[in-house]
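Here is a short note on the salt bridges and the nonpolar packing. Please read it with the structure open.

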Amino acid sequence: MKVLVTGVKGQLGYDVVNELNKRGHAAVGVDIEEMDITDAVSVERVLQATKPDAVIHCAAWTAVDASEDNEDKVRLVNAVGTENIAKECKKLCCKMLYISTDYVFDGQGEKPWQPDCKDYKPLNIYGKTKLEGEIAVASTLDKFFIVRIAWVFGKNGKNFIKTMLNVGKTHDTVRVVNDQIGTPTYTLDLARLLVDMIETDKYGYYHATNEGGYISWYDFTKEIFRQAGYTTKVIPVTTAEYGLSKAARPFNSRLDKTKLTECGFKPLPAWQDALSRYLTELKNGTD
């Protein structure tokens, strides 16, 4: 199978290309230098030349706070760019897998969000534009996967774990919010699932994070420091006490993942195990 992967320089795109290659698929990784997703002509040229059997669309504007001051630019990437790809996939009659986010929901209550829930009320520009991307895919294609993820960490780029490790090295104490609840997602594990999916025709909406239960950022930080051997003290604070960030964050990022097993997909390992493997990866200097 020939699969085009966007955002190959990002945390997820990098791992997806490696997973595809490992399985003997023909992976074509592109980033903005090879294909500007906001330019319909560029997208048409690359996809028509490549003629993939499937597209795994990992490219996105993911800087949540910066999105608030750049709505037009963010929409161009997350919504228009996604629609450009969906239109070309339709012409080529190829599958498309779009990576979305827990931020399409308003994050209220404590009940886990179901993948087929349509009660969308995104709180910020990032969430709104990712939702617009979802709508573009679902309204253009029949052969699509929309996979919502949360709290992502991987080999390339910045993430929460790297930030906490850096802060923990230089501070005796660190304040972390304990009223935003969700589950981390390791891109290495997610990549395996995404390739599993693209090899099937079990289309639709899915939620995918690591297993291991729902936690707060405070819980996550404590486990990061425990596994890393840090003695840094972690102080739990509310989002209000921590101080307002530019973009509102959802309190409830619990994503229900039972549809994965119902459709025959293997769930991701526990986040505690994923964290352990990731810390080993960082320690070995493979970052």
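The points below take the charged pairs and then the cores.

1. Status and overall count. The model is predicted. Across the whole structure, a search finds 19 salt bridges. A few of them deserve a closer look.

2. Lys-91 and Glu-44. These two side chains meet in a salt bridge, at 3.3 Å from N to O. Lys-91 belongs to helix α4 (residues 71–92) and Glu-44 to helix α2 (residues 40–50), so the pair ties together parts 47 residues apart in sequence. How accessible is Lys-91? Lys-91 is exposed, with a relative accessible area of 52%. Exposed here requires over 50%. Glu-44 is partly exposed, at 34%.

3. Arg-277 and Asp-189. Their side chains form a salt bridge at 2.8 Å, N to O. The pair links distant parts of the chain. Arg-277 sits in helix α11 (residues 271–283), Asp-189 in helix α7 (residues 187–198), and 88 residues separate them. Is Asp-189 buried or exposed? Asp-189 counts as buried, because its relative accessibility is 8% and the cut-off for buried is under 20%. Arg-277 is partly exposed, with a relative accessible area of 29%.

4. Arg-277 and Asp-273. Arg-277 also forms a salt bridge with Asp-273. The closest N and O atoms are 2.9 Å apart. Both residues lie in helix α11, and they are 4 residues apart, so about one helical turn separates them. Asp-273 counts as partly exposed, at 38% relative accessibility. Arg-277 therefore has a salt-bridge partner within helix α11 as well as Asp-189 in helix α7.

5. A network. Which residues are linked in a network of salt bridges? They are Glu-19, Lys-22, Arg-23, Arg-192, Asp-196 and Glu-199. Please check this group on the display.

6. The largest nonpolar core. This core has 51 residues. Those with the most contacts inside it are Met-35, Ile-85, Cys-89, Ile-161, Phe-220 and Ile-224. Ile-224 touches Phe-160, Ile-161, Met-164, Leu-165, Leu-275 and Leu-279, leaving aside residues up to four places away in sequence. Ile-161 thus appears in both lists: it is among the residues with the most contacts in the core, and it touches Ile-224.

7. Another core. Apart from the largest core lies another, of 27 residues. Val-3, Ala-191, Leu-194 and Tyr-206 are among them. As background, nonpolar side chains in soluble globular proteins tend to be buried together.

Conventions: Residues numbered from 1 in each chain as written. Predicted model: local features only at pLDDT ≥ 70, side-chain atom pairs only at ≥ 80, totals over all residues. Heavy atoms only, no water. Salt bridge = Lys/Arg side-chain N within 4 Å of Asp/Glu carboxyl O. Helix = DSSP H or I, 4+ residues; strand = E, 2+ residues; numbered from the N terminus. Buried < 20%, exposed > 50% of the residue type's maximum accessible area, 1.4 Å probe, protein only. Core = buried A, V, L, I, M, F, W, Y, C linked by side-chain atoms within 4.5 Å. Contact = heavy atoms within 4.5 Å.
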